[in-house]
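Biologist: I'd like to learn how to read a model like this one. Can we go through it feature by feature?

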Amino acid sequence: MRLVSATAACLLTVAAGLACAQPAPTPAPAQDPAAQNAQAAPAVAGLPDALATPPASASTRTQTLRELGIDYEITLRGIHGNAGVPFGVRADELVSAAQLHLRYSYSPSLLPDLSHLKVTVNGVTVATLPTPPADAGKALSADIPIDPRVVSDYNQINLELIGHYTRDCEDPDHTSLWANVDAANSSLSLTTTPVALADNLAMLPVPFFDEHDVRALSLPFHFAQRPDLATLQAAGIVSSWFGALAGYRGASFPVSTGALPASGNAVVFATPDSLPTLLAGVPGSLPDIHGPTVAVIAHPADPNAKLLLVLGRNASELAKAATALALRAPLTGAIAPIGDLAQPEPRKPYDAPKWVSSERAVYFRELVDRPERLNVTGYHPDLIRVGLQLPPDLFVWRSDGIPVSLKYRYTVPQANDQSALNISINDNFVTTLPLNGHPYAESLPLRWWRGLGERGAMPIRQDLELPTGTFSANSQLRFHFFFDRPQAEACKNTFPDVSAAIDADSSIDLSDFPHYMAMPNLAAFGNAGFPFTRLADLSESAIVLPDNPGEADYANVLNLLGKLGAATGYPTLRVALATPAEAKQRDADRDLIVLGSPATQPLLREWAQQLPVSQGNNSRRLRLTDWLLDKLPGFLSFDARRTDLPTTAEVSITPQPDDVLLMGLQSPLDGDRSVVVLQADDPSNLARLFQAWDDPVRLAKFQGSVVLLQQDKVTSLAGNQTYYIGHLPLPTWLRWYFSNHPIWLAVSVIALCLLLALAARVLLRLHSAIRLREGRGK
């Protein structure tokens, strides 16, 4: 499909290509986009239906380099400093124009006749920016047009500094050789026209989700009438699948009932008794429903959009069709009836595809999408990044660290210099390994012994302990190879090429760490959906809807399941949706996510005394752990902590109509289970919570047992309830408990000594009695 798209682009621009081969004429007045499309239409008349582009006005989108994934300021150093910026083009778009707006500055020391900034796209030079002394050190702007013929589905903009500061012998790494690019204010603009794709399920998830599009996914879900919970559960399977696909981009799923959205892609759930009005009135627009079916059709009101149809005669068949879709069953053609579908095995704890397994050693090849990401070249290489999404409840108390068996390769320097491999977790430095052919931890005699062998034997193996305090639920292990450029003779600045790699057989091992965590912990919920995602299919979780839910409540359920799918990388196949009455009976032994407010959710009224935030007509008060009780010795405060007695320390919260509360607590229905409450007087306000959830800066503030969202401000507070989930081996639990309760340790030691003394007294008296009897017998 992508190759055909590229062919279409070439056919569309063949006339322009001939013109570009001639000297540039005087610019003509800009043509209307509709006229341009009309001229382009004959060029594609003979293409397959999958590429038949109907007349449509072009649209332009602009994204900063930050939005394209460059979350740092670009600094180009040296005589050949370079940096890459990736961008993609959707399969249902054809680029007709592109422009790069660059904000940059450069060193005053650059020689203008020898230096310039080169911009390439997919290896094709699109601009060379001069470096006149008059503009040196200033913030400059440049608008660089990009020939659409060089743009494909996946693209790379490369910014390269060709820098020289002297005509004589120069240091290729001199500090005066630099140029900066402002990633926040530099942007890429793409003008695109839509391409009508074929109705073919084999292309899924395109066009509903396209991995080349880095924007947040917004995919409407439509029901002809208010769905029952079983139908909504089937829709949740699909939304969690799309959420897992969207990943870091974020995803939202607006819900409509009644009228079908007039434009744009959408997912439609329908049975013979609930057909969308717009489709039901068009003969042949809907396939006959004889069982679970998945289909894709053109939107009847928008020829540039598609509708993904999930069909069945009842909610059970809708769930079967949704499961086939989410599990990527082989589907082809416009309509695919679902036959026998083997249900997947229930997930095991902590086996989410996106999580690092805690059952065995995990190889780095399993943690990167492409093995070539573990390789770098050049004297100023980029970082090697390995994502580590760890189970949030790992019990790492008093451990030396997380063991990593690291294997790496590199071009051996000519002499022992300052070349090194720097290792960090996120932005936290871990250690440095010198690149001298030997691991840093070897003793001097061992290094002498190894020195007798072949120099440069690869790979180098080094066992590391990664500090646990620097890890979060979503961490990144970063490797930076630094190569010390050798000193050359005068005017001889030619150096050998260097390269390095982290071996894909390197591994990380979490198998020695038990799972145990103090709750509630909304940081674990925000970062990993924990504890609900402990089982990736959510088979031990339930979502409790308010009374009389509406479209906003349905959207909140789908958005929530999309978040949980993104956290695990797996669809939520076995989550339960429940009414408040069903939650107290059928789902009492599950972890619960409760939606609503005290006015619409009976459970919040019943659990008012257990909630960390008390609800009143004129105020809301957060009950905090009393300072004095917290400071008392463990054996004195133990009973008080186990009661529901009110504490004296409270924080008053001024109520606002649009406040949103996220609360965690121990389940009042089952002490071994957890409850998370998403509370808003207006359910549409929960959309702001999901937006904060997508913002890494605000997500970092999700802590403790209560998160209060007022407008865009996030405030986290710790309530007075603590309970634990998970299990520890008995020796570990005893060490941990007594380390936190030293007085109990002293009491236990005294009691043990008394018991031993009593046992010794009994044994001695028994022994004495036996001797007395033996003496009388003689």
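**Helices, burial and odd backbone spots**

Modeller: Sure, and keep in mind that this is a predicted model. Let's begin in the middle of things: the buried residues of H6 pack against H4, strand S15 (266-270), strand S16 (293-299) and strand S17 (302-311).

Biologist: Which residues of H6 are the buried ones?

Modeller: The idea is that a residue counts as buried when its relative accessible area is under 20%. In H6 those are Ala315, Glu317, Leu318, Ala321, Ala322, Thr323, Ala324, Leu325 and Ala326. That is nine of the twelve residues, so H6 is largely enclosed by the rest of the structure.

Biologist: And how do I describe the way H4 and H6 pack?

Modeller: Look at the angle between the axes, and at how far apart they are. For H4 and helix H6 (residues 315-326), the angle is about 5° and the axes are 8 Å apart. Angles under 35 degrees count as roughly parallel, so H4 is roughly parallel to H6. On the H4 side, the contact is made by Ala230, Thr231, Ala234, Ile237, Val238 and Trp241. H6 brings Ala315, Leu318, Ala319, Ala322, Thr323, Leu325 and Ala326. Sort the residues of this contact by type and you get eleven nonpolar, two polar and no charged.

Biologist: What about H4 and H9: at what angle do they cross?

Modeller: The axes of helix H4 (residues 229-246) and helix H9 (residues 551-568) cross at roughly 45° and come within 7 Å. That angle makes H4 oblique to H9. The crossing is right-handed. Here H4 uses Leu232, Ala235, Gly236, Ser239, Ser240, Gly243 and Ala244. Its partners on H9 are Tyr554, Val557, Leu558, Leu561, Gly562, Gly565 and Ala566. This contact has eight nonpolar, six polar and no charged residues.

Biologist: How many residues of H9 are buried?

Modeller: H9 is mostly covered, with 16 of its 18 residues buried. You can also check a helix by its span. H9 reaches 26 Å from its first C-alpha to its last, close to the 26 Å expected at 1.5 Å a residue. Just after H9, Gly569 takes a positive phi of about 75°.

Biologist: Which residues other than glycine have a positive phi?

Modeller: Two to look at are Asn122 and Arg328, each with phi near 55°. Asn122 is found in the loop between strand S5 (116-121) and strand S6 (124-130). Arg328 is in the loop between H6 and strand S18 (335-337). For exposure, Asn122 is partly exposed at a relative accessible area of 32%, and Arg328 is partly exposed at 46%.

Biologist: Where would I look for a cis peptide bond?

Modeller: Check omega along the backbone. One cis bond joins Leu204 and Pro205, with omega about 10°. The bond from Val206 to Pro207 is cis too, with omega near 5°. Pro205 sits in the loop between strand S10 (187-194) and strand S11 (217-218), and Pro207 is in the loop between S10 and S11 as well.

Biologist: Let's try a single residue. Is Ser541 buried or exposed?

Modeller: Compare its value with the cut-off. Ser541 has a relative accessible area of 3%, so Ser541 is buried. Ser541 is found in strand S30 (residues 541-544). Leaving aside neighbours within four places in sequence, Ser541 is in contact with Phe532, Val575, Ala576, Arg590 and Asp591.

Biologist: And what share of the chain is buried?

Modeller: Buried residues make up 46% of the 778 residues in the chain.

Conventions: Residues are numbered from 1 along each chain as its sequence is written. This is a predicted model: local features need pLDDT of at least 70, side-chain atom pairs count only at pLDDT 80 or more; totals for chains, interfaces and linings use all residues. Side-chain values use heavy atoms; hydrogens and water are left out. Axes are lines fitted to C-alpha atoms, for helices over the stretch in contact, and angles run from 0 to 180 degrees between N-to-C directions. Helices (H or I, at least four residues) and strands (E, at least two) are DSSP runs, numbered from the N terminus. Angles under 35 degrees count as roughly parallel, over 145 as roughly antiparallel, 65 to 115 as roughly perpendicular and the rest as oblique. A crossing is left-handed if the near helix is turned anticlockwise from the far one by less than a right angle, and right-handed if clockwise. Contact means heavy atoms within 4.5 Å. Ala, Val, Leu, Ile, Met, Phe, Trp, Tyr, Cys and Pro count as nonpolar, Asp, Glu, Lys and Arg as charged, and the others, Gly among them, as polar. Buried means under 20% relative accessible area, exposed over 50%, partly exposed in between (1.4 Å probe, protein chains only). The expected span of a helix is 1.5 Å times one less than its number of residues.
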